[in-house]
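Colleague: I'd like to go through the binding site with you. Can we take it pocket by ligand?

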Amino acid sequence: MSLHPQKIIIDTDPGQDDGVAILLALASPELDILALTTVAGNVPLALTQRNARMICELAKRTDMKVFAGSDKPLKKPLVTAENVHGKTGLDGIELPEPTMPLQEQHAVDFLIETFRSAPEKSITLCTLGPMTNIAHALIQAPDIASRIKNIVLMGGGFFEGGNITPSAEFNMFVDPDAAKVVFSAGIDLTVIPLDVTHKAMTNAQWIKDLRGMHTSVGEAVAAWTDFFERYDKEKYGSEGAPLHDPCVIGYLLRPDLFSGRHINVEIEADSSLTAGATVADWWGVTDRKANAYYLNHIDRDGFFELLTERLGRHA
Ligand code: BDR
Ligand code: CA
C-alpha cells in the first residue's frame with residue numbers, strides 16, 4: 001500500500017472489461033478500494049454480484065467487500081448485453097463459483113452511509129456500469145453530493161456516437177434517468193466515453209503477452225478478451241476490441257495518459273430515438289455551464305504498458 005492511497009469505491013456490472021478494470025485496481029497500491037458495489041447492466045444483478053466475487057477470488061482478495069444494489073434502472077425496464085458478454089457476463093473461461101460472502105447491506109445504503117461518515121471529499125466513486133446505484137443514493141440523500149470527491153465514469157460518446165444505438169453508449173442507454181440525476185448533481189465528474197475507449201484497442205500480441213504470464217489472472221484476461229473480441233471485431237472490422245472500463249482505473253493511476261476538455265454534458269432521457277445520448281458541448285456553442293471533464297484522448301501504448309505490468313503483479 002502506498003503512503004496515501006486514493007480511496008475509491010467501484011460500482012460495476014461485470015462484464016469481462018469490468019473484470020479487467022477490477023483486476024487492474026486490485027494490483028495497484030496507489031488505490032485503496034473500500035468496496036465493490038454491483039448493479040444490473042451487462043447481465044442481471046444476480047450474475048453481476050456473483051461475477052464481482054468471482055473476480056475477487058481470482059485475485060485472491062476474499063477480504064474485499066462486495067455489495068448488491070439496484071436490479072433495474074430508475075424508470076426503464078432493464079436492457080442487458082449477453083450478445084456481447086455471453087450468458088454469464090464473464091463467458092470465455094469457466095471460473096469456480098464464489099464462496100466469499102456477499103455483504104448483507106444494500107449497495108445504495110452502503111454508498112449513503114459511507115459518503116456521510118467519511119471525511120468530506122475523501123472518496124472517489126468509479127462507475128463502470130449504469131449509474132442506477134449512485135442516482136438512487138443521490139435521490140434519497142442529496143446531502144452526499146457535496147461529500148463525494150469526484151466520480152470517474154465510463155459512459156457516453158460524442159465523436160464516436162453510440163454502441164447500442166447510433167446515438168447512445170450502453171451504460172447511458174440502460175439508465176439515462178440515472179445519468180441525468182448524476183450530471184445535474186453538481187459533483188466533480190470525469191467522463192471516459194467511447195471517444196477514449198475506442199482508442200484503447202486490444203491486439204493479438206497483448207493476448208499472447210497475457211498468456212505468457214503463466215498465471216491464472218493472465219489466462220483469465222486472455223480468455224475473456226478472446227471471447228468479447230469476436231463481437232467487436234465483427235462489428236467494427238478491427239484487429240481487437242476496446243477495453244472500456246479499465247480506462248477508468250487507468251485514468252486514476254496515470255491521468256497524464258489522458259486529455260480532454262471541461263465542458264457541459266447533458267443527457268437525453270426522453271426521446272425514443274436518442275435516449276441515453278450524451279449531448280457534449282465540445283465546441284462551446286451554448287452558454288450552458290461546464291459540468292464535466294470530458295476526455296477524448298488516451299495514450300494507447302502507455303495505457304497498455306501500465307495494464308500489462310499491473311496484471312503481471314497478480315500471482
Ligand atoms: C460499457 O458497456 C458494457 O458493455 C461495458 O462493460 C462498458 O461498461 C461500454 O459501452
Ligand atoms: Ca461495465
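The turns below cover the pocket and then the ligand in this predicted model.

Colleague: What volume does the largest pocket have?
Modeller: The residues closest to its centre are Val-84, His-85, Asn-163, Phe-170 and His-244. They belong to a lining of 26 residues. The volume of the largest pocket is about 350 Å³.

Colleague: Which element gives the largest share of the lining of the largest pocket?
Modeller: α1 (16–26), α3 (82–85), α6 (170–174) and α10 (216–236) each give two or more residues. The largest share is 5 residues. That share comes from α10.

Colleague: Where does ligand 1 sit?
Modeller: The shell around ligand 1 includes His-85, Asn-163, Phe-170 and His-244. Those residues are also among the closest to the centre of the largest pocket. Ligand 1 sits in the largest pocket.

Colleague: Which elements give two or more residues to the shell around ligand 1?
Modeller: Asp-17 and Asp-18 are in the shell, as are Phe-170 and Asn-171. The first two fall in the range of α1 (16–26), the other two in that of α6 (170–174). The elements are α1 and α6.

Colleague: How many Å is an oxygen atom of ligand 1 from an N or O atom in the side chain of Asp-17?
Modeller: For the side chain of Asn-42, the corresponding value is 2.8 Å. A polar backbone atom of Leu-128 is 2.9 Å from a ligand oxygen. For Asp-17, the distance is 2.6 Å.

Colleague: How many charged residues does the shell around ligand 1 have?
Modeller: The shell has 3 nonpolar and 5 polar residues. Asp-17, Asp-18, Glu-169 and Asp-245 are in the shell. The charged count is 4.

Key:
Residues numbered from 1 in each chain as written. Chains lettered and ligands numbered in written order. Predicted model: local features only at pLDDT ≥ 70, side-chain atom pairs only at ≥ 80, totals over all residues. Heavy atoms only, no water. 1 Å grid on protein atoms, 1.4 Å probe; cavity = no way out; pocket = protein on both sides within 12 Å on 5 of 7 lines; lining within 4 Å. Points joined across faces, edges and corners; volume = space filled by probe spheres on them. Helix = DSSP H or I, 4+ residues; strand = E, 2+ residues; numbered from the N terminus. Near = heavy atom within 4 Å. Polar contact = N/O pair within 3.5 Å; in protein donor to acceptor, adjacent residues only side chain to side chain. Sits in = over half its atoms within 2 Å of the grid points. Nonpolar A, V, L, I, M, F, W, Y, C, P; charged D, E, K, R; others polar.
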